[in-house]
Amino acid sequence: MQQNNNNNKNPSISLHNTHVKLLAFDLLTLTPPPSPDQPFTRKSIPITRLEAVGTITLRDHKPSKFLRFAVDDGTGCIPCILWLNHLTSPHPARRRSPQDLCLLADAAARSAEVVKVGAVARVRGRVTAFKGSVQITVTDVVGERDPNAEILHWVDCVKLARNCYNLVTLSSS
């Protein structure tokens, strides 16, 4: 997280490429971007990446294509998509070395193994839109063994909202 001062009057905050900890009710009320190449915003602060912890409540697996699932953190359900087509996708953004694609595909396959209905997991990824709704395009999923993981994540979210995310708005200049 970076904090900048504009003439020390109106500090601005940048959370670009930071995995912001938000609860589902906050995530689901993010302001949609005016165009697809711009980020979602929360109180005028751009949000590009997110971390969430909760119980997996839905799992829709299309082998070698994607794994769609939902994470329920007690405040709502967060829709997530984990792409599994790194080796077969013709998407132009996939212009990476074969070694990088293999590493991405292996990481996605390991993350997919963690996603089981009823499991508690920590999910990280990019905040994206699908059919006009917010979702997380997952980069990694980690199973949580600590029975307190969810409540500790809640505490972190509340503390960060009070002490960081809610304090500062970007200047219009």
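Q: Which residue stands opposite F66 in β8?
A: Good place to start: F66 stands opposite W83. Before we go on, keep in mind that this is a predicted model, where local features need pLDDT of at least 70, side-chain atom pairs count only at pLDDT 80 or more, and totals for chains, interfaces and linings use all residues. Residues are numbered from 1 along each chain as its sequence is written, and side-chain values use heavy atoms, with hydrogens and water left out.

Q: How should I read a name like β8, and what does it mean for strands to pair?
A: Strands (E, at least two residues) and helices (H or I, at least four) are DSSP runs, numbered from the N terminus. Two strands pair if DSSP finds at least two bridges between them. Here, β7 and strand β8 (residues 77-83) are antiparallel, with 7 bridges between them. On the other side of the story, strand β6 (residues 49-62) also runs antiparallel to β7, joined to β7 by 7 bridges. One bridge partner in β7 is L67, which matches H61.

Q: Is β7 mostly covered or exposed?
A: Buried means under 20% relative accessible area, exposed means over 50%, and partly exposed lies in between (1.4 Å probe, protein chains only). Strand β7 (residues 66-72) is mostly covered, as 5 of its 7 residues are buried.

Q: What should I know about the sign of phi?
A: Most residues other than glycine have a negative phi. In this model, K43 has a positive phi of about 50° although it is not a glycine. You will find K43 in the loop between β4 (40-42) and β5 (45-47), and K43 counts as partly exposed because its relative accessibility is 47%. K131 also takes a positive phi, near 50°, and sits in the loop between β9 (120-130) and β10 (133-143). K131 is exposed because its relative accessible area is 76%.

Q: Which residues take a positive phi in the hairpins of β7?
A: In the hairpin of β6 and β7, with 3 residues between the strands, S64 has a positive phi near 65°. In the hairpin of β7 and β8, with 4 residues between the strands, G74 has a positive phi near 95°.

Q: How many disulfides are there?
A: A disulfide is a covalent bond between the sulfur atoms of two cysteines. To count one, look for a pair of cysteine sulfur atoms within 2.5 Å. By this rule the structure has 0 disulfides. Take C77: the nearest cysteine sulfur, that of C80, is 9.8 Å away. C77 is partly exposed, at 39% relative accessibility, and C102 is partly exposed at 40%.
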